[in-house]
Amino acid sequence: MSPRNLLSTAFSGEPAAARRRKRAETLRKRALSPLRILTMVLMLPVTTIGIAVGVYLRTSEFEREEATVHLIALAGCSAVESFVRGPFYEGQPGYHRRNDPDGDGIACGAPVPSPVQDTPPKQAEVPASRTVGNAKFLRP
């Protein structure tokens, strides 16, 4: 008998080797199952967002709670006001320029009431027009 045949018969006859091979094959099948691969692919965005939020909270100039408020304020005033009441001032956590429509440096603040007008606003005279499809034609 050749040394190779001796070696293979010695290992193949052992029940422990057969159990190891069977366990390895079972693990290989489970690792490559379509359901497991699909789950991992679908969880990739969640994992990425979790990592990004964690990095932001660690590297932000604000404290953790303030950084969380600042991050939630990115979604808009209604989202952040369900957690914390505004207003948020420029340079402080929770302030984002897109949440400050009038540009006064105060985001998510109480709306400023407009002054009451005694006279009704004048309506601008609209020239007579005609539309065909999406095209608009004005009369001279």
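With which residue does E81 form a salt bridge, and how far apart are the closest N and O atoms? In this predicted model, E81 is paired with R85, and the closest N and O atoms of the two are 3.8 Å apart, a salt bridge being defined as a side-chain nitrogen of Lys or Arg within 4 Å of a carboxyl oxygen of Asp or Glu. Because the model is predicted, local features are reported at pLDDT of at least 70 and side-chain atom pairs count only at pLDDT 80 or more, while totals for chains, interfaces and linings use all residues. Residues are numbered from 1 along each chain as its sequence is written, and side-chain values use heavy atoms, with hydrogens and water left out.

The protein chain contains five helices and four strands, where helices (H or I, at least four residues) and strands (E, at least two) are DSSP runs numbered from the N terminus. Read from the N terminus on, these elements follow the order α-α-α-α-α-β-β-β-β. Of the 140 residues in the protein chain, 15% are buried; here buried stands for under 20% relative accessible area, exposed for over 50%, and partly exposed for values in between (1.4 Å probe, protein chains only).

A search of the whole structure yields two salt bridges. In the pair introduced above, E81 is partly exposed at a relative accessible area of 27%, whereas R85 is exposed at 64%. The other pair is formed by R28 and E25, whose closest N and O atoms are 2.6 Å apart. These two residues are three positions apart in helix α2 (residues 15-31), so that about one helical turn separates R28 from E25. Both R28, with 45% relative accessibility, and E25, with 35%, are classed as partly exposed.

By the sulfur criterion (a pair of cysteine sulfur atoms within 2.5 Å), the count comes to one disulfide. This disulfide joins C77 to C108, with an S to S distance of 2.1 Å. The pair links distant parts of the chain, as C77 belongs to helix α5 (residues 77-81) and C108 to the loop between β2 and β3, 31 residues apart. The link of C77 and C108 is left-handed, with -90° about the S-S bond. The two cysteines fall into separate accessibility classes, C77 being partly exposed at 21% and C108 buried at 6%. The loop between β2 (106-107) and β3 (129-132) also holds G109, which is partly exposed with a relative accessible area of 32%. The C-alpha atoms of G109 and P87 are separated by 4.2 Å, although their positions lie 22 residues apart along the chain.

Turning to the surface, L32, I37 and V41 make a nonpolar patch of about 280 Å². Patches are made of residues with over 30% relative accessible area and no salt bridge, like charges being joined within 9 Å and nonpolar side chains (Val, Leu, Ile, Met, Phe, Trp, Tyr) within 5 Å; accessible areas come from the Shrake-Rupley method with a 1.4 Å probe, and for residues only the protein chains shown count as cover. Within this patch, I37 lies in helix α3 (residues 34-59) and is partly exposed at 38%.
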